[in-house]
Amino acid sequence: MAGLQSVWEGGWHRGAVRLPSPNFGPRPLGALQVVDLVVVHSISLPPGQYGTGAVQQLFTNALDWDAHPYYQQIKGLQVSAHFFIERNGRLWQFVDCDQRAWHAGQSFYRGRANCNDDSIGIELEGLEGFTFESAQYEALGELCRHLIERYPLHYVAGHEHIAPGRKQDPGPGFDWAKLGSELPVNILELPSQATPGKPDLFSG
């Protein structure tokens with residue numbers, strides 16, 4: 001247990017920059033025992049611009065809606081993810097993993113609806129349809145390995161797989177095989193490929 005204690009402080013990852021979001025709630029009774037899904041998203045604010053700090057501001061309800069014309073389309077939105085991985089691999093955490101983050105929306109996967117209830121949401125800085133950085137795959141793989149130590153994970157899926165037709169992130173630019181190479185063999189079930197679709201610039 002020494003290794004586990006060195007990585008986790010409750011549901012908070014010690015290696016992440018901690019920036020608590022007010023956008024979360026309790027998981028339904030019993031759901032914590034079956035947190036078996038990681039949902040991979042992609043986001044950049046403004047769309048296609050990286051390193052602006054706007055994603056962090058969005059997840060903490062601190063975004064200036066007048067700072068960019070695009071923000072008027074999402075004005076008032078209250079969302080969060082458990083984690084956010086920047087292009088350089090830097091890891092942020094907004095919600096305790098024992099709590100329910102607001103990342104999946106209306107969703108259905110592995111025979112269950114409301115994926116927020118029993119999943120971990122991880123946002124990658126990027127634009128769907130485009131590629132992601134090696135540092136992000138490495139950080140995501142390491143994070144998943146650490147999550148396996150604490151939760152009974154079995155599945156990893158994209159937002160596009162749990163909300164097909166409504167969401168298309170992380171999109172065809174995400175390399176599922178590359179992520180698989182970062183993970184323990186035969187522990188996590190990954191999609192064989194991303195679902196093609198029309199770009200959806202925000203993945204809330």
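Is Arg 18 buried or exposed, or does the residue sit somewhere in between? In this predicted model, Arg 18 turns out to be partly exposed, with a relative accessible area of 40%. Its salt-bridge partner is Glu 9, and the two side chains meet at 3.2 Å, N to O. Glu 9 is likewise partly exposed, at a relative accessible area of 40%. This pair belongs to a search of the whole structure that turns up 10 salt bridges.

Another of these contacts involves Arg 87 and Glu 133, whose side chains come together at 3.3 Å, N to O. Arg 87 sits in the loop between strand 6 and strand 7 (91-93), while Glu 133 sits in the loop between strand 11 and helix 3 (134-150), so the salt bridge ties together parts that are 46 residues apart in sequence. As for accessibility, Arg 87 has a relative accessible area of 16% and, with the cut-off for buried set at under 20%, counts as buried. Glu 133 comes out as partly exposed, at 37%.

Then there is the contact between Asp 118 and Arg 112, with side chains 3.0 Å apart, N to O. Here the acidic partner is tucked away: Asp 118 is buried, with a relative accessible area of just 6%. Arg 112, for its part, is partly exposed at 28%. The pair does not stand alone, as salt bridges with shared partners link Asp 36, Arg 110, Arg 112 and Asp 118 into one network.

Strand 11 (residues 119-125) is next. What surrounds this strand? Of its 7 residues, 7 are buried, so strand 11 is largely enclosed by the rest of the structure. Both faces of the strand share in this: Ser 119, Gly 121, Glu 123 and Glu 125 point one way, Ile 120, Ile 122 and Leu 124 point the other way, and all are buried.

Which strands pair with strand 11? One is strand 5 (residues 37-43), which runs parallel to strand 11 and is joined to it by 7 bridges. Within this pairing, Leu 124 of strand 11 stands opposite Ser 42. Strand 6 (residues 83-85) also pairs with strand 11 in the parallel sense, here over 3 bridges. In that case Ile 85 has Leu 124 as its bridge partner in strand 11. Leu 124 thus appears in both pairings, opposite Ser 42 and as the bridge partner of Ile 85.

Notes: Residues are numbered from 1 along each chain as its sequence is written. This is a predicted model: local features need pLDDT of at least 70, side-chain atom pairs count only at pLDDT 80 or more; totals for chains, interfaces and linings use all residues. Side-chain values use heavy atoms; hydrogens and water are left out. Buried means under 20% relative accessible area, exposed over 50%, partly exposed in between (1.4 Å probe, protein chains only). Helices (H or I, at least four residues) and strands (E, at least two) are DSSP runs, numbered from the N terminus. Two strands pair if DSSP finds at least two bridges between them. A salt bridge is a side-chain nitrogen of Lys or Arg within 4 Å of a carboxyl oxygen of Asp or Glu.
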